[in-house]
Amino acid sequence: MSLLVTGSLGLDTIETPAGKRDNVIGGSAIYFAYAASFFTPVRLVGAVGEDAPDDFFTVFEGRDVDTSGLEKRKGSKTFRWHGSYVKDLNEAVTVEVDLNVLAERAPKIPDTFCDSRYCFLANTHPVLQQQMLACLKGPKLVVADTMNLWIQTERAELVKLLGKIHGLVLNDGEARLLTEKKNLISAAKDVLKLGPKFVVIKKGEHGAMLVTHSGEAFVLPAYPTEKVVDPTGAGDSFAGGMMGYLSTQGGSFSAATIKRALAFGTVVASYTIGDFSLGGLQNLNRDQIDDRWNAFKQAMSF
Ligand code: AMP
C-alpha cells in the first residue's frame, strides 16, 4: 500500500551548537519520505524552483520513493528556510524564510498517485494541503502536520483542513497557539473538536503524547540519546516512521497500533538528530531501527 506525502522541499541553512550548514537539502516532505521509506513504498509530491540542485532528484536513488510527482518549476525559486537551534535545541527559531514556490499553486499529483490509501500532508501552506487532499479518491488514513506560521497567518484555512483529516501531528507550542490552552490534554481535546480522530503532540526531547477521540491518552518519552547534532527534521522523521508503520498495518488503527507507530516514529527521529540534514538517515537500515525499537520497548517496561 503506497503512502503519499506532500509538503515542503527546500534548501535549509541550519545553525546548532554543533555548527552551521548552508543550503543543505531539507523540507518537511524530504525528511518524511526518507523516514517512511524504511517501512513502505512512498510517493512524493512537491515542487522546487529552477534553481534547485540535482540533489532533490538523486537523494532517493536506491530507495523505494517514487519521485514522479516532483516538479522542477520554470521561473520559480526553491523554498528556503534559515533556522537556528543555538539558544534551544528543542525549538527552532526562524531566522529567515522565503516561501517562493510554496506560495504558488499546488504541485500536480500524478493521476497514478490518486489511489493512494495513506496520505501525509507534511507542513506546508494549508491551502496547498487541502488542494492535495481533494485529488485523492477514498484515502483510508490522512494525517497532517502544521506549524506556528500557518496557525498565525492561515488559521481559517487550517481549521477547514482539520475538518477533513483523521489525525494531526503538531508540537506542544503549536498546540497551545492553536487552541489557546496551556494544558496539553485540554489543548488536544480542543483539537479533536475541530475534526481529527487523534492528535499527536510532539514535545521535543520530552517525547510525544497521543490523545484519541475515544478519550485515550498515551505518553512516550524521546529515545534517550546523547548525540544531538541537528534537530531539523525530527518532527517529520517522527511522522515518517509513524505513518510508514501504520500503512503496513492493513487498515487497523487501534490505539495499540498507533502506540507502536509512535514508538517507531520516536526511534527514527532519534537517528535523524544525530547529524545535519539527511546524514543521520542515510546510513541507516531497517534492522537497526527494529533493534532500537526493541531496546526502547524494553527500557519502557516496568
Ligand atoms: P521539523 O521536522 O519540524 O524539524 O521540520 C524541518 C523542516 O521544515 C525543514 O527542513 C524546513 O525546510 C521545513 N520548514 C520550515 N519552515 C517551513 C514552512 N513555513 N513551511 C513548510 N516547511 C517549513
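**Aromatic pairs.** I searched the whole structure, a predicted model, and eight aromatic pairs came up. I looked at Tyr118 and Phe253 to begin with: their ring centres sit 6.2 Å apart and the planes meet at 85°, so I noted this pair as edge-to-face. Where are the two partners? Tyr118 is in strand S8 (residues 118-121), while Phe253 is in the loop between helix H8 (234-246) and helix H9 (255-272), so the pair ties together parts 135 residues apart in sequence.

I then checked how covered each one is. Tyr118 is buried, at a relative accessible area of 1%, and Phe253 is partly exposed, at 24%.

**A stacked pair.** Next I pulled up Tyr245 and Phe264, which are stacked, with 4.8 Å from centre to centre and 25° between the planes. Tyr245 belongs to helix H8 and Phe264 to helix H9, so this pair ties together parts 19 residues apart in sequence. Both Tyr245 and Phe264 are buried. I also found them in a cluster that ring pairs build from Phe39, Tyr245, Phe264 and Trp293.

**Helix H1.** How many residues of H1 (residues 28-36) are buried? I got nine of nine; among them are Tyr31, Phe32 and Tyr34.

**The whole protein.** I zoomed out and noted eleven helices and 13 strands. Of the 302 residues, 54% count as buried. The radius of gyration is 17 Å, and a compact globule with 302 residues would have one near 19 Å, so the two agree. Last, I looked up contacts between residues at least 6 apart in sequence: 65% of them join residues at least 24 apart.

How values were computed: Residues are numbered from 1 along each chain as its sequence is written. This is a predicted model: local features need pLDDT of at least 70, side-chain atom pairs count only at pLDDT 80 or more; totals for chains, interfaces and linings use all residues. Side-chain values use heavy atoms; hydrogens and water are left out. Helices (H or I, at least four residues) and strands (E, at least two) are DSSP runs, numbered from the N terminus. The radius of gyration is taken over C-alpha atoms; the globule rule is 2.2 Å times the number of residues to the power 0.38. Buried means under 20% relative accessible area, exposed over 50%, partly exposed in between (1.4 Å probe, protein chains only). Contact means heavy atoms within 4.5 Å. Rings of Phe, Tyr and Trp (its six-membered ring) pair if their centres lie within 6.5 Å; planes under 30 degrees apart count as stacked, over 60 as edge-to-face and the rest as tilted.
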